[in-house]
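Notebook open, model loaded. I wanted to go through the cysteines, then a helix, then a sheet.

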Amino acid sequence: SAKLSLEEATASFCLEGSIVGKVYIHANKPIGFILVSGCDAPQARLRPPLFKREKAGNSGSASGSGSLADLGYDPPKIKSGGNRSCYEQEGWNGFRFAVCLVWETSREEEKLWRAAWTIATSNDDKNPATWALNQLKSALSTDPIDLYKSHKSWWKKYWSQSSLQVPDFEIERQWYLDTYKFGAASRRGSPPISLQGPWTADNDRLPPWKGDYHHDLNTQLCYWSCYSGNHLEEGLSFLDWLWETRENCVDWTKRFFGLPGMNIPMTADLNNSQIGGWRQYAHSATTGAWLAHHFYLHWKFSMDHEFLQKRAYPYLHECAVFIEAITKERDEEGWRSLPLSSSPEINSNKPEAWFPSITNHDLALIRKLLTSIAEAADEVGKRNEAKYWRDILGEFPMFSLGQEDQLLVAKGYSLTESHRHFSHLMAIHPLNLINWKESKESREVITASLNALQQLGTENWCGYSFAWLANLAARAYDGEIAAKALKIFTTAFTLRNGFHCNGDQSEENYSKYHYRPMTLEGNFAAAAGLQEMLLQSHTGIIEILPAIPSSWKDVSFRDLRAQGAFLVSAAMKDGQLDYFEIKSEKGGNCRFRLPFAKKTYEFSTKPGEIITKKDLNV
C-alpha cells in the first residue's frame, strides 16, 4: 500500500514482510530522500532513460510524445559502485546533466536504509556529477530528524496561507490537490511550471508537446490561482524567470520583428528562447502583453511599490514600446492595427488562422497592456507617460461584436463550432475589460458571449476549457454554471491522482477527446475558478461569496487575497453570513460588498487593521 500526505508532502508505503518507508523531496533543498526500515540493505541503481535506439523509427503521437531515443544523443556515462549510482548525460551544445543516488545503511540489527538523490546540470558546475555527489554527501551527514522538521515546517507555513470548505467533496478535494501541486511545482530559485512541471512520466518518451513552455495559454493559466489563493511568493518563480530572461526576448524581438521593445516567443525553452510551434502563435505579437499582465496582477494583489517600480513598470513598458511600434499602420477606418493577427488555436495551423482584421484576442491584450502601463505610470509619478499611453490606447478600435452583442473572434467572424480555447473572450476573463457591474451593455455582452459559447457545445473542449468556463461564469455571478463546470472538470478530466489529462475519461461524452496527455494548466485554472466563486476584487470592490450555487448553504474560506493587499476570511452557515474578516496588509481604501446585499461599504485602513462584522454597526 502507499499514500500521499498533502499536509506534509510525503509518500509513505508498506511492503510485504513489515517493510515500511517514506519518500519525500525536501521543501527547500533540491534533494529527494528515501527511507526504508524492516529490510536488509537493498541494492539500488538508477536506470538511465534510453536516449539512443539501435534501430531508426518514429513512435510519435497526437501530442508529439515520441521516443527519447529519437533525439539521437549518445548514451549516458554511468558511474556506479559502492553506495552510489550516478549517470551523466550530454545534451545539446555542451549542456550536461547528472542524476545521482547515494545511500547509507545503519547497524544491521536496526535494518534501516536511507538514500538521497538529486539532479545537477552544467549550469550548477562544470562537473555536475561531482557537484551532485557532494550535495548528497552533505545531506546525508545532516540529522535526518532535523531535515524532515525543516521540510514539514515549510509545508506547514504554506498550508497556513489559505484554506476553504465547500459542500461538494469532489470540488473541495480537487482544490486541495491542485494547491498541493502548485506548492510542489513552483518555488523561487527554480524554473517556473512547464507543461508537466516536475511530473514527467518515466517511460523513455518525450513528454506531451515536448514538456516546454507554451505561452498561448498554458503558463498563464498555471499561475491564475496564486493571486487570490495567497501564494504570491511561489508565484514569483514565474515572474523571476520572465525578468531574468528578458534580454533573450529583447534580442529575439529585434532579430525577428526588427522592432524596439520586447515581445516573447510563444513556445520557449528554459531560457525563454524560441523553439518553434504553430507559426501564428509562435510569432504572435501579443504574447508579451499576456505575460506582462502577471506583473500587473502581482502588483495589484501585493501593493508592493518597490516591485512596481523595479519590475512591473519596466516590464510593462518594454512590452508597450513593442506594441506601439508594431501597430503603426492603420486599418481602413483609421484605427491602429497589426500587420497579422490571430486568435490562439482557432483554425489551428492553417493559413486561415491569420485574420485580415485585428482579433478580439489581440485587441484585448493590447488594450489591457496600455491600460495597465498608464495606471502604473501614474502610480510611479510619470504623469506625462501615463497620458501618452492613454492617447495611444485611444487609437485602437473597440471589440468586434455580433448581432446578438456577443464577442466575435474578429470583425465579421464568429465561431461556428465548439472550440477549446476561449481566446476571443479574454476581455471578460482574465483581463476584466468588460465586467458585469460596469453597465447594462457590459452585462449584455457577457451574457450573449457565454450563451454563444455554450450553444456550440463542448465537443471540442479539453479539461482546461471547463476550468476556464468556471472562471468566466463566476465573473458573470453564475455560481450554478461555475460549480457544474468544476464538477465536470474534476470527475471527467482528471485522473485518480488529480492530474488534468486533457481528454474526457468518463463515459458522459463531454468531449470527443478521450486521450490522456497530462498538462497542469487545467489544474490551476480550476483552483482559481473556485476562488473566484468565493472572492472577487477585480473591479476595485471586494465581493465576498459572489458566485456560489443556491444549494451551497455552508461555505467558508480563510485568508484568500484581494487586490489592494487585503486578506479576507468568511463563513456562511445555513445560508446566512456568519462571519467575515478583512485584514489590511498595506493600508489604504477598502471597499467591499457582503453576499446577497447591494450596499458597498468603505473604510480607510491602516497597515495591519482588521475589519469585521461589528464594525458595520448593523
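Cys 100 came up at 0% relative accessibility, so I logged it as buried. This is a predicted model, and I am reading it as such. Cys 86 is buried too, with a relative accessible area of 2%.

I then checked the sulfurs of Cys 86 and Cys 100: they sit 2.3 Å apart, and the two residues form a disulfide. The cut-off is 2.5 Å, so this pair passes. What does the pair tie together? I placed Cys 86 in strand β6 (residues 84-90) and Cys 100 in strand β7 (residues 96-105), so the bond joins parts that are 14 residues apart in sequence. My tally for the structure is one disulfide.

Next, two other cysteines. How far is Cys 222 from the nearest cysteine sulfur? I got 11 Å, to the sulfur of Cys 226, and Cys 222 is in no disulfide. Looking from the other end, Cys 226 has Cys 222 as its nearest cysteine sulfur, 11 Å away, and is in no disulfide either. Buried or exposed, I asked of Cys 222? I have it as buried, at a relative accessible area of 2%. Cys 226 comes out at 1% relative accessibility, which counts as buried.

On to helix α6. I noted residues 232-244, 13 of them. From first C-alpha to last, α6 reaches 18 Å, close to the 18 Å expected at 1.5 Å a residue. I still looked for a bend, and where is the kink centred? I found it on Phe 238, at about 25°.

Then I looked at how covered α6 is. How many of its 13 residues are buried? I count eleven, so I wrote the helix down as mostly covered. Among the buried ones are Leu 232, Leu 236, Leu 239 and Leu 242, along with Trp 241 and Trp 243. Glu 234 and Asp 240 are on that buried list as well, and so is Phe 238, by the under 20% cut-off. A reminder to myself: an α-helix has 3.6 residues a turn, so residues three or four places apart point the same way.

Last, a sheet. I traced four strands in the order β12-β13-β17-β18, an open sheet with mixed pairing. Its edge strands are β12 (535-536) and β18 (601-605), each pairing on one side only. I followed β12 to its partner, strand β13 (residues 542-544), and found them antiparallel over two bridges. Which residue of β13 stands opposite Gln 536? I have Glu 543 there.

Notes:
Residues numbered from 1 in each chain as written. Predicted model: local features only at pLDDT ≥ 70, side-chain atom pairs only at ≥ 80, totals over all residues. Heavy atoms only, no water. Expected span 1.5 Å × (residues − 1). Bend = angle between axes of the 7 residues up to and from the residue. Buried < 20%, exposed > 50% of the residue type's maximum accessible area, 1.4 Å probe, protein only. Pairing = 2+ DSSP bridges.
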